[in-house]
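Work through the two exercises below with the sequence and the structure at hand. Each task is followed by its solution in steps.

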Amino acid sequence: MPLDFWYILSDTGTCQELLDKFLEGKTTSNEERALFQLEESYILQNKKEVFKNDIEKRDTKQEIYSRIQRRIRKKRKKWLAIAASIAVLIGLGSILFYNGGMDFGSLTVSNDTGSYRIVLLEDGSKVTLNKRSELTYRNDHNGTRYLELEGEAFFEIARDEDRPFVVKTGSLRTTVLGTSFNIRETGAMVQVTVATGLVEVSNQEDSVLLKPDQSASYSNVSKTFATRYTHHELSESWFKESIKLEEIEMGALAEFMKDKYGVEFQFMEERAKHVEMSINIHKNEGIEDILRKINYISELQLTTKPNVMIEVKFKE
């Protein structure tokens, strides 16, 4: 499949008025030419940040995505083409626009970059694809929206009761009608965590039904499921700028930090694992900053020990 579907986005806030007119189809030929000249100039120069800060960049990105989605729902084919053109001008990441009306056997999206990529599907669904991950769409499943995943992705699926959405990860199938969830595949294990809605996860012999804030871990070795309650925000920390965790137990935070930072935790008392707290964690925050927060807001004292060990005990 040709790579014409990828549009590397680059925007400047000073062209907001022209972009508004372009989305409404009201720009003159001279205004459209100015926009494309701006795009060419930015690609050639590429010397300075065009946004005042990350908050402005994030807000602009979300506003643009919302506008494109509204147009897609109203006039799908026409606005997919416009969205693709706009993407060249306003790029805040990498976005793939997939037009489901195209005739091909499969479409594969690989993310070999150092960050995540966003894939927008014709049905209004949105997939956030993690680095070192791959997504394959196959259009030979009549009546079903069908994808295959290697790696990790967060799915926000547009509801369609007539067309279930199926994600195949190894021998595992995740089936939904309309919901949001994260799938992480690491070779020996596949983990599915639900943010909203209901999700069915199954293999050829067994299945589990997951609700929000539930997670299922499937072993590719033993072919068994293990389910548990969790904070779904933890599974989204790899692409969100920050996550807000309400009344999370220290044990769950320790598991999160062990996975993210590669550190071990030693609890001096078992009951320390069940101490609850509410905390915000930012995407690029270091572990020492998180430890300081926990020490400040909770009754626990976390201390870094040799051999990448964190000691957890109650304050004296």
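**Exercise 1: two packed helices**

In this predicted model, helix 5 and helix 6 pack with their axes 12 Å apart and at an angle of about 170°. Task: decide whether helix 5 and helix 6 are roughly parallel or roughly antiparallel to each other, and state which residues make the contact.

Solution.

Step 1. The angle between the two helices is about 170°.

Step 2. Angles over 145 degrees count as roughly antiparallel, so helix 5 and helix 6 are roughly antiparallel to each other.

Step 3. Helix 5 contributes M250, L253, M257 and Y261 to the contact, and helix 6 contributes I287, I290, L291 and I294.

Step 4. Sorted by class, this contact of helix 5 with helix 6 holds 8 nonpolar residues, no polar and no charged ones.

**Exercise 2: the sheet beside the helices**

Task: find which strands stand at the edges of the sheet, and say how the helices lie on the sheet.

Solution.

Step 1. The open sheet has 3 strands in the order 18-21-20, with mixed pairing.

Step 2. Strand 18 (264-267) and strand 20 (300-305) each have a single partner strand, so they stand at the edges and one side of each lacks a neighbour in the sheet. From one strand to the next, the twist averages 25°.

Step 3. Strand 18 pairs with strand 21 (residues 309-314) in the parallel sense over 4 bridges. F267 stands opposite V312 in strand 21.

Step 4. Helix 5 (residues 250-261) lies across strand 18, strand 20 and strand 21, and runs at about 155° to strand 18. Helix 6 (residues 287-297) packs on the sheet and touches strand 20 and strand 21; its direction makes about 150° with that of strand 20.

Conventions:
Residues are numbered from 1 along each chain as its sequence is written. This is a predicted model: local features need pLDDT of at least 70, side-chain atom pairs count only at pLDDT 80 or more; totals for chains, interfaces and linings use all residues. Side-chain values use heavy atoms; hydrogens and water are left out. Two strands pair if DSSP finds at least two bridges between them. Axes are lines fitted to C-alpha atoms, for helices over the stretch in contact, and angles run from 0 to 180 degrees between N-to-C directions. Contact means heavy atoms within 4.5 Å. Angles under 35 degrees count as roughly parallel, over 145 as roughly antiparallel, 65 to 115 as roughly perpendicular and the rest as oblique. Ala, Val, Leu, Ile, Met, Phe, Trp, Tyr, Cys and Pro count as nonpolar, Asp, Glu, Lys and Arg as charged, and the others, Gly among them, as polar.
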